[in-house]
Amino acid sequence: MQSRVEGREPIFSPEELASAARNCPALAEAAKLAEWVGPGRPLTARGVLRPAAAVEACDLLGIELTTRKPRSALDIGQLMMAWFAASAAGFVEVERGRATAGAALETWAKGTADEVLTVWTRCTMECFGLAGEACEPDPEVLDGLTVLYERDGAISLDDLSEDIAGVLAADVAPGCTCPSCEWAAGLHDDLAGTTEDGSEIVEALAEFGLAVLRGETAELTPLGHWFTDFLFRRNAPAAGADAATLVNAVVALPDRMAALLARPWLSARSPAEAAAELIAAGESSSGPQRPAALELARACGPDAAPAWREWAGREGFGAYARIWLAEQDGTEPAENDLAWTAVDALGILQDTLAPELSPQTLSGLFQDQMGVELAEILPLLAGTGHPAADRLVKFLPVPPLAGRRGGPPDALGRTDAPPPAAEVRPDTRYRIKLALRDVAHPPVWRRLEVPADLDLGQVHEVIQTAMGWENCHLHVFSAGDAEYGMPDPDLGHADERAVRLSQLLTEAGDRLGYTYDFGDGWEHDLTLEEILPAEAGTTGAICTVGKGACPPEDCGGPYGYQELKAILADPGDDEHEDMLGWLGLASPGDFDPHAFSAEDANRRLDQLTGRHLRIVR
């Protein structure tokens, strides 16, 4: 099947295109939602429709609900997609906790064809992650759009999915271990496992009127032809632009789309000239622009060798050139060059994601790139001379070397060796205060007495039981830069069962963080108040005093809980009855945020100690 990237596109009248834009499902639904919003609808503290209003909106749009008592509009994915599209198009405007129909809604209904296409283009670009930062690009969908543009005419779903899954593999140099190729290979493996027949990709494009599925064949619509011509030809960086302008235009795009947009710029230069400009732009840039520039330079092919050779004699950044040349010769890149580029890539990643990126996750990424244990590679890392090396060495957790306590590192570079044990007697007990952050009127806290040598897995059980949580979400402990939880390569937490409380809390005033439910984000502080002598006959955990009821599960975190209490206290609130129904209460008097019983907490703790939690010394 021949490419139709070059040449003239079919011509469609603006009126035909505007009619197609108005009729595309995503914006038609967004406009209907905005008309319903009309002069105004109150929003929750999270800026979304209140539950009762969300149900009404779903009925309007024909969205099927699993429950008529949703906790939040955020739990209704199809409604939130329509809400986001309405906001991106300007159909809905939000100010001071209230949504109203925006000015763009009238333009959509009564404006000229050009005005309608402007609104549609703005919304489509933002929803596909091509404008602004509100939405991340979906590589599969954008690659699907690129393939449809490149192919001349229709394409079968099998060919579409095969073409998309093969995109990243084609860009991976055989046997290359540089960071960009390692990441591309991993992405290709992920993509190959998720892309099946391509129908979901076409359906996503069809929501915006870009593509149509005819049996087992997909093709662009007239609106899709117009949009891709605008995106890939008229919106491509000018041939005379500098390399930095090109890189900034494509940095957030999937590789295939980036290469297509860069084609006019690359075609205006010889491969060596283009690569020379791009390598120089990569050397002078930072953040994700650097790997994007180098990826475009690599795409210039073997004829770009003179540019790479020019950089190969330079220290530091020249490592990228030496690795490229080694690939062409079929030789092994130098270990120090691989280390330099790995430090460069991880330094960029740390700058981009900090403070979200944990030391354990970063060490796992580094180990994956280098293919050796972190303990063995740290000296090489420090000796690369890379400007980011020192801070990365300080940031990365240092695993024990051979002969030290603990087993071999796992896939994330961790070991089962806990921090050094504190000098405490086996029968020592701790008095700790467990307090829920950002919850007031009333505050929620518990004072506990527990064996000092509980492991953090047991402490988790005690927290859940004493607070009154239902233990149905993920959790993590945090102590400085270290994080402990259930072992999971995707989360990057060290094994909580290998660390005891006495190893993290050693003196009065020491504090440990505990987060429960990563969606609602319930954050707790565990503060060591006093180290107690052993008490005869006492083996388990005891709650001596506390305050405040445990918030309901899935109520939206501290801010959602605050809103829930306000709604229950106001019988005139539109959501009052709905919230009572969601909580299963007959009257607001059945909910008391101040209610707490140490006796009830201890009854649960006794059951915990005698059941599956064996608190040992």
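Visitor: What makes β5 and β6 count as paired strands, and how many bridges join them?

Guide: Keep in mind that this is a predicted model. Here 4 bridges join β5 to β6 (residues 217-220), and the two run antiparallel. Pairing asks for at least two bridges, so β5 and β6 qualify with their 4. You can spot A211 standing opposite L220 in β6.

Visitor: What order do the strands of this sheet take, and why are β4 and β5 called edges?

Guide: The order is β4-β6-β5, in an open sheet of 3 strands with antiparallel pairing. β4 (155-156) and β5 (211-214) each have a single partner strand, so one side of each is left without a neighbour in the sheet. Helix α10 (residues 199-206) lies across β5 and β6, at about 135° to β5.

Visitor: Which residues of helix α11 are buried, and what do they pack against?

Guide: In α11 (residues 222-234), the buried ones include L223, F227, L231 and F232. The buried residues of α11 pack against α1, α6, α7, β6 and α13.

Visitor: Why is C127 not counted as part of a disulfide?

Guide: Its closest cysteine sulfur, in C123, is 3.9 Å away. A disulfide needs the sulfur atoms within 2.5 Å, so the C127 and C123 pair is too far for a bond. The structure holds 0 disulfides.

Visitor: How do you know whether C127 and C472 are buried or partly exposed?

Guide: C127 has a relative accessible area of 15%. Buried means under 20%, so C127 is buried. C472 comes out at 45%, between the 20% and 50% limits, so C472 is called partly exposed.

Notes. Residues are numbered from 1 along each chain as its sequence is written. This is a predicted model: local features need pLDDT of at least 70, side-chain atom pairs count only at pLDDT 80 or more; totals for chains, interfaces and linings use all residues. Side-chain values use heavy atoms; hydrogens and water are left out. Contact means heavy atoms within 4.5 Å. Axes are lines fitted to C-alpha atoms, for helices over the stretch in contact, and angles run from 0 to 180 degrees between N-to-C directions. Buried means under 20% relative accessible area, exposed over 50%, partly exposed in between (1.4 Å probe, protein chains only).
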